[in-house]
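Let's take a walk through a protein chain together. Have a look at the sequence and the model first, and then we'll go from the outside to the inside.

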Amino acid sequence: MPEKKDGFQELVSNPMQSLQILESNSTAQMIDVREKWEWDEEHVENSILIPTSQLKEVDFNRFKKDQPLLIMCHTGRRSFFVANKLHGLGFTQAKSMEGGIDALSPEMREKMSQLLQGRNK
């Protein structure tokens with residue numbers, strides 16, 4: 001019988017797991033919850049910016065409840081808060097990317113950007 005994951009494990013994916021989710025599911029999206037000024041400094045191209053300071057449930061109406069949503073911030077704290085909130089709203093595949101953008105190598109950012117191209121239309 002498979003082990004049941006605790007709540008933390010259900011809400012978090014490391015960068016490699018996040019990349020695998022993007023590779024294996026063409027509907028997966030990456031949502032950056034940092035503020036606009038942080039996004040302007042650096043971000044994963046083709047990700048979606050929804051700053052934590054502007055979160056509203058309506059911001060997520062365009063996503064399906066079972067759609068993989070990778071939530072990213074600078075280090076993983078804000079994204080964990082948002083992923084937890086989304087789980088409470090019924091978004092069962094929302095995951096916080098552990099370590100945030102700081103954990104991504106330039107090569108991983110580029111690969112994620114390529115995989116996300118054309119997804120958020």
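How much area does the chain expose, and what share of it do carbon and sulfur atoms supply? About 7000 Å² is exposed, and carbon and sulfur supply 49% of that (accessible areas come from the Shrake-Rupley method with a 1.4 Å probe, and for residues only the protein chains shown count as cover).

Before going further, know what you're looking at: this is a predicted model, where local features need pLDDT of at least 70 and side-chain atom pairs count only at pLDDT 80 or more, while totals for chains, interfaces and linings use all residues. Residues are numbered from 1 along each chain as its sequence is written, and side-chain values use heavy atoms, leaving out hydrogens and water.

So how sure is the predictor? Its confidence in each residue is the pLDDT, from 0 to 100, and the chain averages 90, with 90% of the residues scoring at least 70. Over residues 1-5, though, the pLDDT is below 50. Where pLDDT is low, don't read the predicted coordinates in detail.

Now trace the fold. You'll pass five helices and five strands (DSSP runs numbered from the N terminus: helices are H or I with at least four residues, strands are E with at least two). Their order along the sequence is α-β-α-β-α-β-β-α-β-α. Of the contacts (heavy atoms within 4.5 Å) with a separation of 6 or more, 71% link residues 24 or more positions apart.

Let's go inside. Buried residues, meaning those under 20% relative accessible area (exposed is over 50%, partly exposed in between, with a 1.4 Å probe and protein chains only), make up 42% of the 121 residues. The largest nonpolar core, a set of buried Ala, Val, Leu, Ile, Met, Phe, Trp, Tyr and Cys residues joined through side-chain atoms within 4.5 Å, has 17 residues, and Phe60 and Leu86 are among those with the most contacts inside it. Helix α4 gives the most to this core, with three residues. Leu86 touches Phe60, Leu69, Ile71, Phe91 and Ala94, not counting residues up to four places away in sequence. In soluble globular proteins, nonpolar side chains tend to be buried together.

One last stop: Ser79, in helix α4 (residues 77-88). Is Ser79 buried or exposed? Ser79 counts as buried because its relative accessible area is 0%. Its side chain and that of Ser96 are joined by a polar contact of 2.7 Å (N or O atoms within 3.5 Å, where within protein one must be able to donate a hydrogen and the other to accept it, and residues adjacent in sequence count only if both atoms are side-chain atoms).

Key: pLDDT is the predictor's confidence in each residue, from 0 to 100.
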